[in-house]
Amino acid sequence: MLVLFIGMQFIRPSHQNPPVDPQQDFLAIAQPSAEISTMLKNACYDCHSHETKYPWYSNVAPVSWILQNHIIEGREHLNFSKWGTPEAFGEEPEEAFEEIIEVIQKGEMPLWDYKMMHPEARLSEADKNQLINWVENQSLSGNAPVSDNQPKGFEAGEEPEDDEEEH
Ligand code: HEC
């Protein structure tokens, strides 16, 4: 068992963050208050951006593997560092804000195991309400992520057209 544990330590995921383009960053684009900005950074940015801060235990397998999976998957679903690009959100970009609100409301995000290790990521009911209110306003101010075929500034509440482009 000990030998296995020691052996596992040699399989080490990379802790290098991909580069950040400040112009594509969600917080740079949306410019929230310091309070909102801190909440998003503390609760979401470790898994949903290129600004992951790796804790000491992220060097210890198998925790390191689980963590790396969360980060890779997290970035695929939602990447605040790529907000200005079509890769910001894994699904329909215009649904990004709705999904963000939903996971906060239901307490699905941040993931529970992350909250256990990161007290600063736990959102109180008041925090959640404040964050959700702010995100709701974002969808009105045209800060939704861009998609391949839709210009920036998509209006909230508008139904996306069936695939066909109208001119
Ligand atoms: C510990 C890493 C981690 C943290 C912290 C985290 N997430 Fe996630 N997030 C994930 C992973 C992994 C997935 C994809 C798998 C899943 O949906 O459970 C995901 C998926 C999502 C999705 C997509 C859900 C869907 O149905 O496609 C949204 C939206 C999201 N997260 C928002 C947030 C927000 C907002 C925060 C901060 C309040 C946050 N997450 C914090 C790891 C994290």
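Helices α4 (63–77) and α5 (96–105) each contribute at least two residues to the shell around the ligand. The structure shown above is a predicted model, and the ligand site is a convenient place to start reading it. The ligand is surrounded by 19 residues, of which Cys-44, Cys-47, Gly-74, Met-109 and Tyr-114 come nearest. In chemical character, the shell comprises eleven nonpolar residues, four polar ones and four charged ones.

The ligand shell is set in a protein chain with seven helices and zero strands. Read from the N terminus, the order of elements is accordingly α-α-α-α-α-α-α. Of the 167 residues in the protein chain, 26% count as buried. Contacts that span the sequence are also informative here: among those between residues at least 6 apart, 73% join residues at least 24 apart.

Helix α5, already met as a contributor to the ligand shell, repays a closer look. Its buried residues are Ala-96, Phe-97, Ile-100 and Ile-104. Viewed down the axis of α5, these buried residues fall within an arc of 95 degrees, so they line one face of the helix. The partner they pack against is α7 (125–140). Just after α5, Gly-107 adopts a positive phi of about 70 degrees.

Phe-97 offers a residue-level view of this packing. Phe-97 lies in helix α5, and it counts as buried because 21 C-beta neighbours are found inside 10 Å, the cut-off for burial being 20 or more. Leaving aside residues up to four places away in sequence, Phe-97 touches Val-135, Gln-138, Ser-139 and Ala-144. One of these, Gln-138, is 41 residues from Phe-97 along the chain, yet the two C-alpha atoms are separated by 7.8 Å.

A word on confidence may help in reading these details. The protein chain has a mean pLDDT of 88, with 88% of its residues reaching 70 or more. Among the elements of the protein chain, helix α3 (residues 34–43) has the highest mean pLDDT, at 97, and helix α1 (residues 2–8) the lowest, at 91. Where pLDDT is low, the predicted coordinates should not be read in detail.

Terms used
Residues numbered from 1 in each chain as written. Predicted model: local features only at pLDDT ≥ 70, side-chain atom pairs only at ≥ 80, totals over all residues. Near = placed C-beta within 6 Å. Helix = DSSP H or I, 4+ residues; strand = E, 2+ residues; numbered from the N terminus. Nonpolar A, V, L, I, M, F, W, Y, C, P; charged D, E, K, R; others polar. Buried ≥ 20, exposed ≤ 12 C-beta atoms within 10 Å, placed from the backbone. Arc of directions from axis to C-beta. Contact = placed C-beta atoms within 7 Å. pLDDT = per-residue confidence, 0-100.
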